[in-house]
Amino acid sequence: MPVSGLPPYDDANIFARILRGEIPAKKVYEDEWALAFHDIAPQAPVHVLVIPKGRYCSFADFSASASDAEIGGFVRAVGKVARDLGLEAPGYRLLANMGEHSGQEVPHLHVHLFAGRPLGRMIPSA
Ligand code: 5GP
(Lines give C-alpha, C1' and ligand atoms only; values in the text may rest on other atoms or scores of the structure.)
Protein backbone atom coordinates (compact mmCIF):
# COMPACT_ATOMS: atom_id res chain seq x y z
CA MET A 1 0.00 0.00 0.00
CA PRO A 2 1.65 3.31 -1.05
CA VAL A 3 2.15 5.87 1.71
CA SER A 4 0.15 9.02 1.05
CA GLY A 5 2.26 11.87 -0.34
CA LEU A 6 4.96 9.54 -1.65
CA PRO A 7 5.35 8.60 -5.30
CA PRO A 8 4.32 5.07 -6.26
CA TYR A 9 7.09 2.49 -6.64
CA ASP A 10 8.46 2.31 -10.18
CA ASP A 11 9.02 -1.32 -11.16
CA ALA A 12 11.22 -0.23 -14.07
CA ASN A 13 13.90 1.30 -11.82
CA ILE A 14 17.39 -0.12 -12.24
CA PHE A 15 17.58 -1.79 -8.82
CA ALA A 16 14.24 -3.53 -9.40
CA ARG A 17 15.76 -4.86 -12.62
CA ILE A 18 18.87 -6.04 -10.76
CA LEU A 19 16.65 -7.80 -8.19
CA ARG A 20 14.77 -9.54 -11.01
CA GLY A 21 18.09 -10.63 -12.55
CA GLU A 22 17.42 -8.66 -15.74
CA ILE A 23 20.72 -6.82 -15.52
CA PRO A 24 23.91 -8.06 -13.86
CA ALA A 25 25.45 -6.78 -10.65
CA LYS A 26 28.64 -7.69 -8.80
CA LYS A 27 27.02 -9.23 -5.73
CA VAL A 28 28.63 -8.93 -2.33
CA TYR A 29 25.89 -10.51 -0.21
CA GLU A 30 22.35 -11.76 -0.56
CA ASP A 31 19.78 -13.17 1.80
CA GLU A 32 15.99 -13.30 2.07
CA TRP A 33 15.72 -9.60 2.85
CA ALA A 34 18.54 -7.76 1.16
CA LEU A 35 20.98 -7.66 -1.71
CA ALA A 36 24.38 -5.95 -1.61
CA PHE A 37 26.41 -5.22 -4.72
CA HIS A 38 29.22 -2.97 -5.92
CA ASP A 39 28.25 0.46 -7.21
CA ILE A 40 28.80 0.73 -10.96
CA ALA A 41 30.59 4.08 -10.55
CA PRO A 42 32.49 3.79 -7.25
CA GLN A 43 33.23 7.00 -5.37
CA ALA A 44 35.59 5.34 -2.86
CA PRO A 45 37.84 2.25 -2.93
CA VAL A 46 34.91 0.36 -1.40
CA HIS A 47 31.50 1.50 -2.59
CA VAL A 48 28.77 -1.04 -2.00
CA LEU A 49 25.01 -0.57 -2.22
CA VAL A 50 22.65 -2.47 0.05
CA ILE A 51 19.00 -2.65 -0.92
CA PRO A 52 15.96 -4.28 0.64
CA LYS A 53 14.28 -6.84 -1.59
CA GLY A 54 10.85 -5.29 -1.15
CA ARG A 55 9.34 -2.58 -3.35
CA TYR A 56 10.21 0.54 -1.30
CA CYS A 57 11.30 3.83 -2.80
CA SER A 58 12.41 5.65 0.35
CA PHE A 59 13.07 5.37 4.05
CA ALA A 60 9.67 6.93 4.77
CA ASP A 61 8.02 4.30 2.61
CA PHE A 62 10.08 1.45 4.11
CA SER A 63 9.61 2.49 7.73
CA ALA A 64 5.86 2.95 7.26
CA SER A 65 5.06 -0.10 5.15
CA ALA A 66 7.67 -2.82 5.61
CA SER A 67 7.17 -5.60 8.13
CA ASP A 68 9.34 -5.83 11.23
CA ALA A 69 11.01 -8.86 9.64
CA GLU A 70 11.88 -6.90 6.49
CA ILE A 71 13.23 -3.97 8.48
CA GLY A 72 15.21 -6.19 10.82
CA GLY A 73 16.51 -8.27 7.95
CA PHE A 74 17.67 -5.23 6.01
CA VAL A 75 19.40 -3.60 8.98
CA ARG A 76 21.13 -6.86 9.89
CA ALA A 77 22.27 -7.29 6.29
CA VAL A 78 23.85 -3.81 6.25
CA GLY A 79 25.75 -4.60 9.44
CA LYS A 80 26.82 -8.00 8.18
CA VAL A 81 28.16 -6.59 4.92
CA ALA A 82 30.24 -4.01 6.78
CA ARG A 83 31.58 -6.66 9.17
CA ASP A 84 32.27 -9.21 6.44
CA LEU A 85 34.14 -6.62 4.38
CA GLY A 86 36.33 -5.91 7.44
CA LEU A 87 35.31 -2.27 7.67
CA GLU A 88 34.62 -1.85 11.38
CA ALA A 89 38.18 -1.01 12.42
CA PRO A 90 39.22 1.33 9.62
CA GLY A 91 35.72 2.75 9.60
CA TYR A 92 33.23 3.48 6.89
CA ARG A 93 30.29 5.71 6.03
CA LEU A 94 26.67 4.81 5.44
CA LEU A 95 24.72 7.24 3.33
CA ALA A 96 21.19 7.16 1.99
CA ASN A 97 19.82 9.73 -0.44
CA MET A 98 16.12 10.49 -0.33
CA GLY A 99 14.39 12.69 -2.84
CA GLU A 100 15.29 15.63 -5.00
CA HIS A 101 17.51 17.70 -2.69
CA SER A 102 19.63 14.66 -1.88
CA GLY A 103 20.23 13.87 -5.54
CA GLN A 104 18.67 10.40 -5.27
CA GLU A 105 18.94 8.85 -8.73
CA VAL A 106 17.42 5.43 -8.21
CA PRO A 107 13.95 5.33 -6.61
CA HIS A 108 14.47 2.08 -4.70
CA LEU A 109 15.64 2.47 -1.10
CA HIS A 110 19.37 1.87 -0.82
CA VAL A 111 22.25 2.66 1.47
CA HIS A 112 25.71 3.43 0.16
CA LEU A 113 28.60 1.96 2.10
CA PHE A 114 31.81 3.91 1.47
CA ALA A 115 35.22 2.87 2.79
CA GLY A 116 38.86 2.29 1.97
CA ARG A 117 40.26 5.78 2.62
CA PRO A 118 39.61 8.76 4.90
CA LEU A 119 36.27 10.04 3.67
CA GLY A 120 36.49 13.72 4.50
CA ARG A 121 33.60 15.95 5.42
CA MET A 122 30.16 14.45 5.65
CA ILE A 123 28.67 17.00 3.27
CA PRO A 124 30.34 19.83 1.34
CA SER A 125 30.00 23.27 2.91
CA ALA A 126 27.34 25.41 1.25
P1 5GP B 1 21.61 7.56 -5.48
O2 5GP B 1 22.10 8.80 -6.14
O3 5GP B 1 20.22 7.18 -5.95
O4 5GP B 1 21.75 7.60 -3.99
O5 5GP B 1 22.62 6.41 -5.91
C6 5GP B 1 22.41 5.56 -6.98
C7 5GP B 1 23.70 4.81 -7.20
O8 5GP B 1 23.42 3.73 -8.06
C9 5GP B 1 24.80 5.63 -7.86
O10 5GP B 1 25.95 5.66 -7.01
C11 5GP B 1 25.07 4.90 -9.18
O12 5GP B 1 26.43 4.87 -9.55
C13 5GP B 1 24.52 3.52 -8.89
N14 5GP B 1 24.03 2.83 -10.07
C15 5GP B 1 23.23 3.33 -11.04
N16 5GP B 1 22.95 2.41 -11.97
C17 5GP B 1 23.59 1.27 -11.56
C18 5GP B 1 23.68 -0.04 -12.11
O19 5GP B 1 23.12 -0.36 -13.16
N20 5GP B 1 24.42 -0.94 -11.41
C21 5GP B 1 25.05 -0.63 -10.25
N22 5GP B 1 25.75 -1.58 -9.66
N23 5GP B 1 24.99 0.60 -9.71
C24 5GP B 1 24.26 1.54 -10.35
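Me: How many residues does the largest nonpolar core have?
Reply: This is a predicted model. Among the residues with the most contacts inside the largest nonpolar core are Ala 36, Val 48, Val 50 and Phe 62. Phe 74, Val 81 and Leu 113 belong to that group too. The residue count of this core is 18.

Me: Which element gives the largest share of this core?
Reply: Two or more residues come from each of β2 (34-38), β3 (46-52), α3 (68-84) and β5 (111-115). The largest share is five residues. The element that gives it is α3.

Me: Which residue of α3, among those with the most contacts inside the core, does Ala 36 touch?
Reply: Residues up to four places away in sequence are not counted here. Ala 36 touches Lys 26, Lys 27, Val 28 and Tyr 29. It also touches Val 48, Leu 49 and Val 50, and α3 covers 68-84. That leaves Val 81.

Me: How many residues are in the other core?
Reply: This core lies apart from the largest one. Its members include Phe 15, Ile 18, Phe 37 and Ile 51. Its residue count is seven.

Me: What is the angle between the planes of Tyr 56 and Phe 62?
Reply: A search of the whole structure finds three aromatic pairs. One of them joins Tyr 56 and Phe 62, with the centres 5.1 Å apart. Planes over 60 degrees apart count as edge-to-face, and this pair is edge-to-face at 70°.

Me: Why does the pair of Phe 62 and Phe 74 tie together parts apart in sequence, and how many residues apart are they?
Reply: Phe 62 and Phe 74 pair edge-to-face, at 5.5 Å centre to centre and 80° between the planes. Phe 62 lies in helix α2 (residues 59-65) and Phe 74 in helix α3, so the pair links parts whose separation in sequence is twelve residues.

Me: Which residues do ring pairs link into a cluster?
Reply: Tyr 56 and Phe 62 are both buried. Phe 74 is buried as well. Ring pairs link into a cluster Tyr 56, Phe 62 and Phe 74.

Me: Which residue has a polar side-chain atom 2.8 Å from an oxygen atom of the ligand?
Reply: Of the 17 residues around the ligand, those that come nearest are Asp 39, Asn 97, Glu 105, His 110 and His 112. Glu 105 has a backbone N or O atom 2.7 Å from a ligand oxygen atom. For a backbone N or O atom of Val 106, the distance is 3.0 Å. The side-chain contact at 2.8 Å comes from His 110.

Me: What percentage of the ligand's exposed area does the protein bury?
Reply: Taken alone, the ligand exposes 520 Å². The share of that area buried by the protein is 87%.

Methods
Residues are numbered from 1 along each chain as its sequence is written. Side-chain values use heavy atoms; hydrogens and water are left out. A nonpolar core is a set of buried Ala, Val, Leu, Ile, Met, Phe, Trp, Tyr and Cys residues joined through side-chain atoms within 4.5 Å. Buried means under 20% relative accessible area, exposed over 50%, partly exposed in between (1.4 Å probe, protein chains only). Helices (H or I, at least four residues) and strands (E, at least two) are DSSP runs, numbered from the N terminus. Contact means heavy atoms within 4.5 Å. Rings of Phe, Tyr and Trp (its six-membered ring) pair if their centres lie within 6.5 Å; planes under 30 degrees apart count as stacked, over 60 as edge-to-face and the rest as tilted. A residue is near a molecule or strand if one of its heavy atoms lies within 4 Å of it. A polar contact is a pair of N or O atoms within 3.5 Å; within protein, one must be able to donate a hydrogen and the other to accept it, and residues adjacent in sequence count only if both atoms are side-chain atoms. Accessible areas come from the Shrake-Rupley method with a 1.4 Å probe; for residues, only the protein chains shown count as cover.
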